[in-house]
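Q: Hi! I've got a new model open and would like a hand reading it. Can we go through it together?

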Amino acid sequence: MANKVGRPTKLTDKVLDDIVGILRLGLSERTAQEFVGVDHSTFERWKKREDNNFATTIKKAQAEARIKMIIFFSFKIKIMTSPIVIIK
């Protein structure tokens with residue numbers, strides 16, 4: 001069995017959880033990269049790896065953020081366009 005050469009990956013469960021949490025807030029990948037302290041090139045390399053589900057996980061987190069924004073703005077627009085009822 002061949003030994004892996006090089007330093008250990010920075011992609012730990014904690015780092016992935018932090019990235020997912022940031023993306024679920026609707027913040028950018030760049031913000032997530034800065035928060036966890038990894039280079040853009042490292043982040044992009046993680047997205048291209050085939051041996052993990054990093055790319056799928058971050059896409060799902062970004063989709064969740066978009067869904068939350070759509071729901072929020074739909075609700076906000078509904079409230080703003082509803083007639084005002086004054087109760088005496």
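A: Happy to; here is a short walk through this predicted model, with a focus on one of its helices.

Q: Thanks! How many helices and strands does the chain have?

A: The chain has four helices and zero strands. Following the sequence, you read the pattern α-α-α-α.

Q: And what share of the 88 residues is buried?

A: Buried residues account for 25% of the 88 residues in the chain.

Q: OK, let's zoom in on α2. Which of its residues are buried?

A: Helix α2 spans residues 29-36. Its buried residues are E29, A32, Q33 and V36.

Q: Why do they sit on the same side of α2?

A: These four lie on the same side of α2 because the arc they cover around the axis is only 100°. As background, an α-helix has 3.6 residues a turn, so residues three or four places apart point the same way.

Q: Which exposed residues are on the face turned away from that?

A: That face of α2 carries E34 and F35, both exposed.

Q: How do α1 and α2 cross?

A: The axes of α1 (residues 13-24) and α2 come within 9 Å, and the crossing angle is roughly 145°. That crossing is right-handed.

Q: Which residues meet there?

A: On the α1 side they are V15, D18, I19, I22 and L23, and on the α2 side E29, T31, A32, F35 and V36. By type, this contact has seven nonpolar residues, one polar and two charged. Note that F35 turns up here although F35 is also listed as exposed.

Q: Moving on, what does G37 do just after α2?

A: G37 takes a positive phi there, about 80°.

Q: Then comes α3, I guess. At what angle do α2 and α3 cross?

A: Roughly 110°, with the axes of α2 and α3 (residues 40-48) coming within 10 Å. That angle makes α2 roughly perpendicular to α3. The crossing of α2 past α3 is right-handed.

Q: Which residues of α2 and α3 meet?

A: E29, R30 and Q33 of α2 meet H40, F43, E44 and K47 of α3. Here the split is one nonpolar, two polar and four charged. E29 is worth a click: it is buried, it meets α1 residues as part of the α1 and α2 contact, and it is also in the contact with α3.

Q: Last one: of the contacts between residues at least 6 apart in sequence, how many join residues at least 24 apart?

A: That would be 54% of those contacts in the chain.

Technical notes. Residues numbered from 1 in each chain as written. Predicted model: local features only at pLDDT ≥ 70, side-chain atom pairs only at ≥ 80, totals over all residues. Heavy atoms only, no water. Axes fitted to C-alpha atoms, helices over the stretch in contact; angles between N-to-C directions. Helix = DSSP H or I, 4+ residues; strand = E, 2+ residues; numbered from the N terminus. Left-handed = near helix turned anticlockwise from the far one by under 90°. Contact = heavy atoms within 4.5 Å. Nonpolar A, V, L, I, M, F, W, Y, C, P; charged D, E, K, R; others polar. Buried < 20%, exposed > 50% of the residue type's maximum accessible area, 1.4 Å probe, protein only. Arc of directions from axis to C-beta. Parallel < 35°, antiparallel > 145°, perpendicular 65-115°, else oblique.
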